[in-house]
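The following exercises are to be worked with the sequence and the model at hand. Each task is followed by a solution in steps.

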Amino acid sequence: MSAEVRLGRWQDVLADIRPDTVIVDAPYSERTHKGAIGNEEDADAMGSADGHSRVPILYPWWTGADVDAFVGSWAPRVSCWIVSITDTDLAPAWRASYEAHGLYAFPPLGIVISGMGVRMAADGPASWTLHLCVARRKGRGLSTAAPDKIWRSLPGGYTGPAASTMAGGRGKPAWLLDALVRDYSDPGMTIVDPCAGWGSTLVAARNVGRNAIGAEMDPAAFERCQHALSGDMAAYARAAPKREREADPDRPGLFDAIGGTP
Ligand SMILES: C[S@@+](CC[C@H](N)C(=O)[O-])C[C@H]1O[C@@H](n2cnc3c(N)ncnc32)[C@H](O)[C@@H]1O
């Protein structure tokens, strides 16, 4: 099995790829991105006493137009599924775009990442729940394991703990991507993650016998993704953003920061 990440925008560097399944955790909506801690001052005021990192989301948010351009590009090229992790605001845009581009769109599924940091100070929404927007090509033959099989048992949602690597919108938990890869592809298939981040989807795909190809436009994230794919976890750890740090008991806690008491 092969695993590869390409540096650049998916629009430019994955134009030649025709995957079986796309699994993507693309940028979320303006509301989620703006609600994240946006600068040093906010981050320092909130501290890290609860152990959650305060890495801001540094890449641009997506709008419905970005979602539609993505689905319009991949829908004709994918042979099985498009699987998108997204937020509440963009979930309707994913479903509408799937349908507009001729795919069969499922109702959004819930992903509950328990223990994920939920903001109690500063502005903006925060939630333990993400949404999984899934669509498939219409018709039969979605499984190479059994080409005539038209039914598959799939969970109605995904629940599990937060990962210590989660920061700034990247580093989604391995259990989640492992489940998505297994549920929406068969061994030997090719999975594409056009917004690879630190590579959690590509690693999961490679680990369970799928070919994995991704793109990442941010050079620092691309480098970390390469370390993940090569299995060099020491280099992966060294490439963590500077703001990702352990809880420091001397830093002000959340309730200090917002002027209240627990
Ligand atoms: C939510 S993060 C992905 C996180 C990833 N699942 C992980 O666990 O690390 C979205 C990523 O998409 C990248 N991105 C956004 N637009 C892109 C584009 N047009 N081409 C390639 N990468 C893009 C961002 O730089 C960011 O790293």
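**Exercise 1. The surroundings of helix α8**

Which elements are included in what covers the buried residues of α8?

*Solution.* The model is a predicted one, in which local features need pLDDT of at least 70 and side-chain atom pairs count only at pLDDT 80 or more, while totals for chains, interfaces and linings use all residues. Residues are numbered from 1 along each chain as its sequence is written.

Step 1. Locate the helix. Helices (H or I, at least four residues) and strands (E, at least two) are DSSP runs, numbered from the N terminus. Helix α8 comprises residues 219-230.

Step 2. Identify its buried residues. A residue is buried if 20 or more other C-beta atoms lie within 10 Å of its own, exposed if 12 or fewer, and partly exposed in between, with C-beta atoms placed from the backbone. In α8 the buried residues are A221, F222, R224, C225, Q226 and A228.

Step 3. Name the cover. Contact requires that the C-beta atoms of two residues, placed from the backbone, lie within 7 Å. The cover of the buried residues of α8 includes β1 (3-7), α7, β9 (211-216) and α9 (233-238).

Step 4. Check the length. The expected span of a helix is 1.5 Å times one less than its number of residues. For the 12 residues of α8 this gives 16 Å, and the end C-alpha atoms are 16 Å apart, so the two values agree.

Step 5. Inspect the end. G231, just after α8, takes a positive phi of about 80°.

**Exercise 2. One residue of α8**

Determine whether L229 is buried, exposed or partly exposed, and list its contacts.

*Solution.* Step 1. L229 is placed in helix α8.

Step 2. Because 19 other C-beta atoms lie within 10 Å, L229 is partly exposed.

Step 3. When residues up to four places away in sequence are not counted, L229 touches A3, V5, G199, L202 and V203. For L202, the separation from L229 is 27 residues in sequence and 7.4 Å in space, C-alpha to C-alpha.

**Exercise 3. Helix α7 and its packing on α6**

Describe the burial of α7 and its geometry relative to α6.

*Solution.* Step 1. Seven of the eight residues of α7 are buried, so that the helix is mostly covered. These are S200, T201, L202, V203, A204, A205 and R206.

Step 2. The buried residues of α7 pack against β1, β2 (21-24), α6, β8 (190-193), β9 and α8.

Step 3. Axes are lines fitted to C-alpha atoms, for helices over the stretch in contact, and angles run from 0 to 180 degrees between N-to-C directions. Helix α6 (residues 174-183) and helix α7 (residues 200-207) pack at about 55°, with axes 9 Å apart.

Step 4. Angles under 35 degrees count as roughly parallel, over 145 as roughly antiparallel, 65 to 115 as roughly perpendicular and the rest as oblique. The pair α6 and α7 is therefore oblique.

Step 5. A crossing is left-handed if the near helix is turned anticlockwise from the far one by less than a right angle, and right-handed if clockwise. The crossing of α6 and α7 is right-handed.

Step 6. A174, L177, D178 and V181 of α6 meet S200, T201, A204 and A205 of α7. By class, this contact has five nonpolar, two polar and one charged residues (Ala, Val, Leu, Ile, Met, Phe, Trp, Tyr, Cys and Pro count as nonpolar, Asp, Glu, Lys and Arg as charged, and the others, Gly among them, as polar).

**Exercise 4. Helices α4 and α5**

Which residues make the contact of α4 with α5, and what is the environment of S97?

*Solution.* Step 1. Helix α4 (residues 64-74) packs on helix α5 (residues 91-100) at about 35°, with axes 9 Å apart. Their crossing is right-handed.

Step 2. The contact involves G64, V67, D68 and V71 of α4 and A93, W94, S97 and Y98 of α5.

Step 3. S97 is part of helix α5. With 26 other C-beta atoms within 10 Å, S97 is buried.

Step 4. Apart from neighbours within four places in sequence, S97 is in contact with V67, D68 and V71.

**Exercise 5. A residue in a strand**

Is W81 buried or exposed?

*Solution.* Step 1. W81 belongs to strand β3 (residues 81-86).

Step 2. W81 is buried because 23 other C-beta atoms lie within 10 Å.

Step 3. Neighbours within four places in sequence aside, W81 contacts T21, V134, A135, R136 and Y184. W81 and A135 are 54 residues apart in sequence and 5.7 Å apart in space, C-alpha to C-alpha.
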